[in-house]
Amino acid sequence: MQRAKNKTGDMILLFRHSQDELLGWKQSKEIFYCPICKERVIIRSGERVIPHFAHLPHTECLLSGGGEGVYHEKGKLQLFKWLSHFNMKTELEVYFPEISQRADIFVQIEEKKIAIEFQCARVSQEEILSRMQGYKSIGMESIWILGAKFLKQKGSYTFQTNYFLDTFIRSSPQKDYPQLFFYDPFISEMAILHHLYPLQTSKAFAKQLVYPLYHLHFKHLFQKEKIPGSFSEIWVKEVHRLRTKVEESYGTIYKLRRWLYNNGYLFQHLPSICFLPIPYHAAVTIPFYKWQAELYVSCLANLKTGDRINITEIKKILYSFYSKDTFDFSESLHIYLQLLHRSGYIEMQSGSILRTNQKMISYSSQEKALQGDQLFFHSFFTEKKAKYEHD
């Protein structure tokens, strides 16, 4: 930690003092105390150690958990110095006794209070959510910047995800526009992922922007980005890979292919509307193409022009495949129906949908499926981009 009190009660921020001062304190055996537990702390420093205060062995204190590591300490200090350049109150290592939590950095913009955490250790989802809820309980937002080691890029617009990252995506400050932030203190670069769409349980589609830290303004963390023009091309490649991937003779997707076949459909020939991207904040953990295919075969494919069906009935059909207590499709389904409405296949009218005369095409070959996907998603993302830019 960087904060401690000296014997006269003055708060010392260690990074603001020179190596000569630190050496003088160590030689004179200057005494310092933890601002939380009031126990004595000592200065640790060296060629490979960022100067910090450390508790003595066997001290029982919230902040005596074995040190933070060079990576975390270095990044925390760099982020604090960066944030200090902007017109807002900025404090390092602020402890909130009412929730027994310490924020790496605390910022206040007028009446808005924000805890900023530089998270470099992988901890449980329960612990992260508990800490987020702790800040929320005292009227504070929290922004979590992850160590760059958690950023695993798989392709131009594809990134590895897991339950740890999922926690931060779903708890993003802007619920309808989730983002992930990553920082590397050794090269002083911030990477931000925008437009997150889940592809699989361990893979997401996103736009990445990388900034040198001191070329980045704090407000850029909340800035929405345009959808890239190449999104449709990359998405079509992902859908084509899904359509043509050879599955083992077991597992969820194999069972889906068998179920489709028994109902007269081939997975690789399904309409493009069975692969619509659902924003990450609204997605369920089930593969998006699985429940969309099930809904298409069980409901949408049977609707004729002019047919009307209540959305509650559509939900019942969807929940016939899943436990309602386990998955909540409400938001995913709402967005999916909105996308179908925007694409001209249905009209949404006060709790129900009306089927239009636009055909939902099942393809007759993989080649035609690829061609159809290219046409459909080019139009889909072009319209989405235009709407986003208008908004």
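Modeller: A cavity is a set of grid points where a 1.4 Å probe fits but cannot get out. The model here is predicted.

Biologist: How many cavities of 30 Å³ or more does the structure hold?

Modeller: The structure holds 2 of them. About 80 Å³ of space lies in the largest, and the second largest has a volume of about 30 Å³.

Biologist: Which residues line the largest cavity?

Modeller: A lining residue has an atom within 4 Å of a cavity point. For the largest cavity, these residues are Met132, Ser142, Ile143, Trp144, Phe168, Ser171, Ser172, Pro173, Gln179, Leu180 and Phe181. Strand E9 (141-147) and strand E11 (180-184) are the elements that give two or more residues to this lining. E9 gives the most, with 3 residues.

Biologist: What classes of residue make up the lining of the largest cavity?

Modeller: There are 7 nonpolar and 4 polar residues, and no charged ones.

Biologist: And which residues line the second largest cavity?

Modeller: Ser172, Pro173, Gln174, Gln179, Phe181, Leu221 and Phe222 do. By class, that lining has 4 nonpolar, 3 polar and no charged residues.

Biologist: Phe168 was in the lining of the largest cavity. Which of the residues of helix H4 are buried?

Modeller: Buried means under 20% relative accessible area. In H4, which covers residues 163-170, 6 of the 8 residues are buried. They are Phe164, Leu165, Asp166, Thr167, Phe168 and Ile169.

Biologist: What do the buried residues of H4 pack against?

Modeller: They pack against strands E8 (112-119), E9, E10 (158-160), E11 and E12 (189-200), and against helix H3 (125-137).

Biologist: Which residue caps the N-terminal end of H4?

Modeller: Asn162 does, with a side-chain oxygen 3.1 Å from the backbone nitrogen of Phe164.

Biologist: How should I read a nonpolar core? Which residues of the largest one touch the most other members?

Modeller: Read a core as a set of buried nonpolar residues joined through side-chain atoms. The largest here has 58 residues, and Phe275, Trp291 and Phe377 touch the most other members. E12 and helices H5 (231-244), H6 (252-262), H7 (288-298), H8 (311-319), H9 (330-342) and H10 (366-390) each supply at least two residues of this core. H7 provides the largest share, 7 residues.

Biologist: What does Trp291 touch?

Modeller: Leaving out residues up to four places away in sequence, Trp291 touches Ile278, Val284, Ile286, Leu318, Tyr322, Phe329, Ser332, Leu333 and Tyr336. Apart from the largest core lies another, of 27 residues, including Ile50, Phe86, Leu92 and Phe118.

Definitions and conventions:
Residues are numbered from 1 along each chain as its sequence is written. This is a predicted model: local features need pLDDT of at least 70, side-chain atom pairs count only at pLDDT 80 or more; totals for chains, interfaces and linings use all residues. Side-chain values use heavy atoms; hydrogens and water are left out. On a 1 Å grid over the protein atoms alone, a cavity is a set of points where a 1.4 Å probe fits but cannot get out, and a pocket is an open set with protein on both sides within 12 Å along at least five of seven lines; lining residues have an atom within 4 Å of a point. Grid points are joined across faces, edges and corners, and a volume is the space filled by probe spheres set on the points. Helices (H or I, at least four residues) and strands (E, at least two) are DSSP runs, numbered from the N terminus. Ala, Val, Leu, Ile, Met, Phe, Trp, Tyr, Cys and Pro count as nonpolar, Asp, Glu, Lys and Arg as charged, and the others, Gly among them, as polar. Buried means under 20% relative accessible area, exposed over 50%, partly exposed in between (1.4 Å probe, protein chains only). Contact means heavy atoms within 4.5 Å. A polar contact is a pair of N or O atoms within 3.5 Å; within protein, one must be able to donate a hydrogen and the other to accept it, and residues adjacent in sequence count only if both atoms are side-chain atoms. A nonpolar core is a set of buried Ala, Val, Leu, Ile, Met, Phe, Trp, Tyr and Cys residues joined through side-chain atoms within 4.5 Å.
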